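Ready for some practice in reading a structure? Work through each exercise with the model open beside you, and try each task before looking at its solution.

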Amino acid sequence: MDETIVHAYGVVDGNEPLTGFPPGIADTHVWVFDAEGFGAIVSRLPAEGFGIQDWEQNASNVSWLGRVARQHHEVLQYACMNTAVIPMRLPSLYRSLESLADTLHAASDRLMQDLGRIRGKLEWAVKVYRTPKEERAAAAEGSTSGSEYLLGRSRALSARSADREQLRERVGEIHDTLGEVSVEYVRNQPQDAALSGRREQMLLNGAYLVNRVDEPHFLELVSEIADGSLAEGVMVEVNGPWPAYNFTGDAGSIAAEAVR
Amino acid sequence: MSNALEKWSNEQVALVDLIDRVIGGGVVITGDVVLGIADVDLVYLGLRLVLAPAHEVDQSIPLGRRSA
């Protein structure tokens with residue numbers, strides 16, 4: 001392995017004595033590189049295997065990309081449990097530590113701002129699905145004769161659209177209620193069932209930036225909402241904490257625009 | 001926790017959630033970056049096209065993570 005390429009995972013405050021990272025991409029050693037008043041979490045990847053061509057070739061290789069994404073994320077996950085970290089989006093490659101330092105310097109105002117924005121906070125994901133049970137109930141409204149079937153079907157359809165409107169409102173309420181316990185919150189586009197492998201329809205794909213001290217309260221609230229919503233035909237899932245992927249850089253505004 | 005609530009830690013994070021954030025979110029700082037933003041989009045687009053069986057593929061990816 002002669003030539004290497006620098007991969008940056010994220011940015012932390014300068015003089016952050018963070019060590020003990022899990023292995024990085026391609027099982028490389030991860031460390032904090034101090035530059036321009038920031039700490040860049042980096043590792044050196046073999047240029048052969050992680051150059052531009054490799055990224056292009058592997059853009060459709062789910063197992064390659066999945067492995068890389070996971071190792072990138074694991075490093076960030078470790079970092080975010082210990083300090084404020086701005087996660088870098090993949091791919092995040094630099095020719096050298098010097099070019100990374102130049103880049104940090106050029107972006108320093110924005111990075112400063114982002115670090116201030118997320119310090120003491122982490123991201124939580126809450127997803128709301130329509131329960132399959134309700135779908136079954138709606139589908140079971142058929143009957144025997146042709147005309148009865150048509151009548152029943154049109155009733156079922158109008159009931160379903162009323163339901164849908166109600167659900168839409170309810171989901172908006174859930175999102176805003178969780179937003180009250182959050183510092184910032186965004187609604188992302190629902191994940192496609194084909195991508196997630198879930199049969200239930202996703203109604204809400206929300207991200208919430210929550211103060212670490214407010215986490216118990218946030219989770220309690222999610223739990224209450226989940227209890228109350230079961231009868232309404234929705235299912236609530238929460239996962240986290242995540243590094244603040246949705247609340248750094250342009251991602252927040254992009255995500256907000258993606259709503260609807 | 002109630003039955004109505006599905007909660008898990010990032011130990012079992014799904015690939016689709018990971019991709020949503022690691023490639024869809026986070027920071028891109030421009031400068032002497034090897035891959036430009038256009039290429040990031042390219043990667044992302046390519047990915048969306050093929051991610052359909054990701055939940056199946058994901059099973060074969062060893063987690064190998066440690067909790068912090």
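A crossing of two helices is called left-handed if the near helix is turned anticlockwise from the far one by less than a right angle, and right-handed if it is turned clockwise. Keep in mind that the model you see is predicted.

**Exercise 1: Two helices meet**

Task: Describe how helix α3 of chain A packs against helix α1 of chain B.

Solution:
- Step 1. Two packed helices are described by the angle between their axes and the distance between the axes.
- Step 2. Find α3(A) at residues 62-80 and α1(B) at residues 15-22; the helices pack at an angle of about 70°, and their axes are 10 Å apart.
- Step 3. Angles of 65 to 115 degrees count as roughly perpendicular, so α3(A) is roughly perpendicular to α1(B).
- Step 4. Now apply the opening definition: α3(A) passes α1(B) in a left-handed crossing.
- Step 5. Look at the residues that meet. From α3(A) come A:Gly66, A:Ala69, A:Arg70, A:His72 and A:His73, and from α1(B) come B:Leu15, B:Leu18, B:Ile19 and B:Val22.
- Step 6. Sort the residues of this contact by class: five are nonpolar, three polar and one charged.

**Exercise 2: The layout of chain B**

Task: Work out which pattern chain B follows along the sequence.

Solution:
- Step 1. List the elements: chain B has three helices and one strand.
- Step 2. Put them in sequence order, and the pattern reads β-α-α-α.
- Step 3. To round off the picture, note that chain B has 68 residues, of which 32% are buried.

**Exercise 3: Where two domains touch**

Task: Find which elements of domain 1 of chain A give two or more residues to the side that touches domain 2.

Solution:
- Step 1. Mark the bounds: the domain assignment gives domain 1 as 4-118 and domain 2 as 121-258 in chain A.
- Step 2. Count the contacts: 10 residues of domain 1 are in contact with nine residues of domain 2.
- Step 3. On the domain 1 side, the elements giving two or more residues are α3, β4 (86-87) and α5 (108-118) of chain A.
- Step 4. By class, this side divides into six nonpolar, two polar and two charged residues.

**Exercise 4: A glycine in a loop**

Task: Is A:Gly120 buried or exposed?

Solution:
- Step 1. Locate A:Gly120 in the loop between α5 and β6 (121-130) of chain A.
- Step 2. A residue with 12 or fewer C-beta neighbours within 10 Å is exposed. A:Gly120 has 11 inside 10 Å, so A:Gly120 counts as exposed.
- Step 3. Leaving out residues up to four places away in sequence, A:Gly120 touches A:Asn211 and A:Arg212.

Terms used: Residues are numbered from 1 along each chain as its sequence is written. Chains are lettered from A and ligands numbered from 1 in the order in which they are written. This is a predicted model: local features need pLDDT of at least 70, side-chain atom pairs count only at pLDDT 80 or more; totals for chains, interfaces and linings use all residues. Axes are lines fitted to C-alpha atoms, for helices over the stretch in contact, and angles run from 0 to 180 degrees between N-to-C directions. Helices (H or I, at least four residues) and strands (E, at least two) are DSSP runs, numbered from the N terminus. Angles under 35 degrees count as roughly parallel, over 145 as roughly antiparallel, 65 to 115 as roughly perpendicular and the rest as oblique. Two residues are in contact if their C-beta atoms, placed from the backbone, lie within 7 Å. Ala, Val, Leu, Ile, Met, Phe, Trp, Tyr, Cys and Pro count as nonpolar, Asp, Glu, Lys and Arg as charged, and the others, Gly among them, as polar. A residue is buried if 20 or more other C-beta atoms lie within 10 Å of its own, exposed if 12 or fewer, and partly exposed in between; C-beta atoms are placed from the backbone. Domain bounds come from an automatic or database domain assignment.
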